[in-house]
Amino acid sequence: MLNLEKVFSVHGPLAETVKNFRARPFQVEMACAVAEAIAGKSVLVAEAGTGTGKTFAYLVPALLSGGKVVISTGTKTLQDQLYGRDIPTVRGALKLPVTVAVLKGRANYVCHYHLERAQQDARLQTRADVSYLSAIASFARTTTSGDKADCSAVPENAAVWFLATSTRENCLGSQCPSYDQCFVMEARRKALAADVVVVNHHLFFADVVLRDEGVAELLPACNTVIFDEAHQLPETASLFFGTSVSTAQLTGLARDTRLEAAAGAKDYAPLPDAALALDKAARDLRLAFRQDNGRLPASALDGDAGFRSALGTLLAALDRLSGELKGQAERSEGLMRCWQRALSVAESIERWRSGLEEDRVKWVELFGHALHLNSTPLSVAEIFRGQVEADARSWIFTSATLSVNRDFSHYCGQMGLSEARTATWDSPFDFAKQGLLCVPAGLPNPNTPEHTEAVVEAALPVIEAAGGGAFMLFTSLRAMHRGYELLERAFEERGLDFPLLVQGEGSRSEMLVRFRDLGNAVLVGSQSFWEGVDVRGEALSLVVIDKLPFAPPDDPVLSARIDRMNREGRSPFLEHQLPEAVITLKQGAGRLIRDETDRGVLMICDPRLVSRGYGKRVLASLPPMRFTRDAQEAVAFFTGPARTRSSARRARVPPAIKQR
């Protein structure tokens, strides 16, 4: 094996390949820690600050180990970045004969069977759907991967993709007439044969729980599992170790039943009629709630006659559809699968409605056009510990935000990693020179109605001094929309011509491209822009956060966890709520300084940082910037002699490969 210090040295193979490579002592230390964990088949929880180069720090020892490695990332974007850029860079630099595959959930691959069914159906909603479906069919004839991300002619969020891809429920498996040409199966075969497989967290946990998408087949032969962006795991694990039934599943079942009936039971009219009744019942269940979105504990619905009636109607519609499908199931494999799905989802809903599962909380989540019935474990620690201890392999958890002031007890407790080795490496950036942390004096309590207006008022002079190039991050959608309205009005009144963008105007990736291209824009966002966003240079010089991101205490899952901790005589605030807020805040703050040459102001408009005792604990976890309570210092940061802004509109320079 190559010496790791030599690999990362200024004369090493990485320096010869990666533009502007720098030798970073912390990167070498982390790589050595990862190598030790791999060799000892142990567990490592590693926090590496922005700029440490953590991606290369785990990739180098992983690729040199010679074993099979599964790398799980937070998003499909990071997954594609690892597969398409970072791993090939390291593999090429080290001249390793390592084979690599990427594996995504089945909904990312064109399904020949469902595409054909959709083409035979004349009920497409719009002309755009007809055009998109034709483009997908053309893509399916020429692609070797079937990955919808490669189909540039159709947006990834186009509704028609639901008709051209499969789900765990409606996949026909080996009985599918197109099984030999299945893109999902081909992706699995490549993953099983590869030395390194890149997945994402949702797929990893869906697989561990459901034994469905291919990861479960990979794990027995795997020597090392690496989780990048590991701070997302507790929430993802809770989602998948719980159960959920959505109205989208039910309308999908109704749609698939109608399509299968049209293909294999045209002479039996009661079947599409029953499917139509289920579709209506599922939509009526969502309409039982007036609010656009929200999360409600099941206990709050005990006295809701409208909800109980709609749920009963839904179960009756499911029972009717199951009966009709039972009599027709032998006519085709597709109808048989629909019958099995109807029985399974009816059982899940009945269990949700009547079951009392210990250590779980039942709740309802509302979206614009959908509703989810959820059952979530209060803790995933024991469940996940069982996964880690099941086989002898190394497990690496890494992120820039896993600790609270270097204390990993909260994260390790959530994930059941009490025996893990923990380590932290600070960012190499000079935050004292590059940044300023401002907590403006005189702001009202963050729980008061006037707080959002005060935040915008405090931020405006700094935005103007910075020449735009700002993120305004809010902890709720309501505050975000209010903040956007106030900024829009203030820009008009003050004659400020900075482009104003707001979350929801397009996909996150589209909005980031616009933000970078404009160079002097102000982007107003909420949760979508708190993490996983990398904007370097003067395009982003100011990050304003409205308040500490405490989760709403009336959230049904959090409320149940708080109740349990109170019963156990523990402090929910100090042991759970505060650490969660700190980790989230660190993610938001991390958007500002992304490079050695970046400079900027982080403004957190929450007086509790200085008025409450826990504020010191929060501040100690943030990058060590110079601190002020005087907003004029933030203005002076941009207007003083050390600061020169380039033209308001900057040309976009394509990024070279950067050390990661």
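Buried here means under 20% relative accessible area. With that in hand, here are some close-ups of this predicted model.

**View 1. Valine 601, tucked into strand 17.** Valine 601 sits in the strand that spans residues 600-604. Its relative accessibility is 0%, so valine 601 counts as buried. Leaving aside residues up to four places away in sequence, valine 601 touches Leu436, Ser541, Leu542, Val543, Leu592, Ala634, Phe637 and Phe638. Don't look for arginine 331 in this frame: the C-alpha atoms of valine 601 and arginine 331 are separated by 66 Å, with the two positions 270 residues apart along the chain.

**View 2. Helix 21 and what covers it.** Helix 21 runs through residues 477-494, 18 residues in all. From first C-alpha to last it reaches 25 Å, close to the 26 Å expected at 1.5 Å a residue. Which residues of helix 21 are buried? They are Ala479, Met480, Gly483, Tyr484, Leu486, Leu487, Ala490 and Phe491. An α-helix has 3.6 residues a turn, so residues three or four places apart point the same way. The cover over the buried residues of helix 21 includes helix 20 (451-466) as well as strand 13 (470-473), strand 14 (500-502) and strand 15 (522-525). Just after helix 21 comes glycine 495, with a positive phi near 70 degrees.

**View 3. Helix 15 against helix 16.** Two packed helices are described by the angle between their axes and the distance between the axes. For helix 15 (residues 305-328) and helix 16 (residues 333-354), the axes come within 9 Å and cross at roughly 155 degrees. Since angles over 145 degrees count as roughly antiparallel, that makes helix 15 roughly antiparallel to helix 16. The crossing of helix 15 past helix 16 is left-handed. Helix 15 brings to the contact residues including Phe307, Leu311, Leu314, Leu315, Leu318 and Leu325, while helix 16 offers, among them, Leu335, Trp339, Leu343, Ile349 and Trp352. Tallied up, the residues of this helix 15 and helix 16 contact are 15 nonpolar, three polar and three charged.

**View 4. Glycine 303, in the loop ahead of helix 15.** This loop links strand 7 (294-297) to helix 15, and glycine 303 is part of it. Is glycine 303 buried or exposed? Glycine 303 is exposed, at a relative accessible area of 69%. Tryptophan 395 is 92 residues from glycine 303 in sequence and 46 Å from it in space, C-alpha to C-alpha.

**View 5. Helix 3 packed on helix 4.** Here helix 3 (residues 25-40) meets helix 4 (residues 54-64) at about 40 degrees, their axes 8 Å apart. That angle makes helix 3 oblique to helix 4. Helix 3 passes helix 4 in a right-handed crossing. From helix 3 come Gln27, Met30, Ala31, Val34, Ala35 and Ile38, and from helix 4 come Lys54, Phe56, Ala57, Tyr58, Pro61 and Ala62. The contact of helix 3 with helix 4 splits into 10 nonpolar residues, one polar and one charged.

**View 6. Two loop residues with positive phi, asparagine 20 and glutamate 229.** Most residues other than glycine have a negative phi. Asparagine 20, though not a glycine, has a positive phi of about 60 degrees, and glutamate 229 has a positive phi near 55 degrees. Asparagine 20 lies in the loop between helix 2 (13-17) and helix 3, and at 58% relative accessible area asparagine 20 is exposed. Glutamate 229 belongs to the loop between strand 5 (224-228) and helix 12 (233-241); with a relative accessible area of 14%, glutamate 229 is buried.

Terms used
Residues are numbered from 1 along each chain as its sequence is written. This is a predicted model: local features need pLDDT of at least 70, side-chain atom pairs count only at pLDDT 80 or more; totals for chains, interfaces and linings use all residues. Side-chain values use heavy atoms; hydrogens and water are left out. Helices (H or I, at least four residues) and strands (E, at least two) are DSSP runs, numbered from the N terminus. The expected span of a helix is 1.5 Å times one less than its number of residues. Buried means under 20% relative accessible area, exposed over 50%, partly exposed in between (1.4 Å probe, protein chains only). Contact means heavy atoms within 4.5 Å. Axes are lines fitted to C-alpha atoms, for helices over the stretch in contact, and angles run from 0 to 180 degrees between N-to-C directions. Angles under 35 degrees count as roughly parallel, over 145 as roughly antiparallel, 65 to 115 as roughly perpendicular and the rest as oblique. A crossing is left-handed if the near helix is turned anticlockwise from the far one by less than a right angle, and right-handed if clockwise. Ala, Val, Leu, Ile, Met, Phe, Trp, Tyr, Cys and Pro count as nonpolar, Asp, Glu, Lys and Arg as charged, and the others, Gly among them, as polar.
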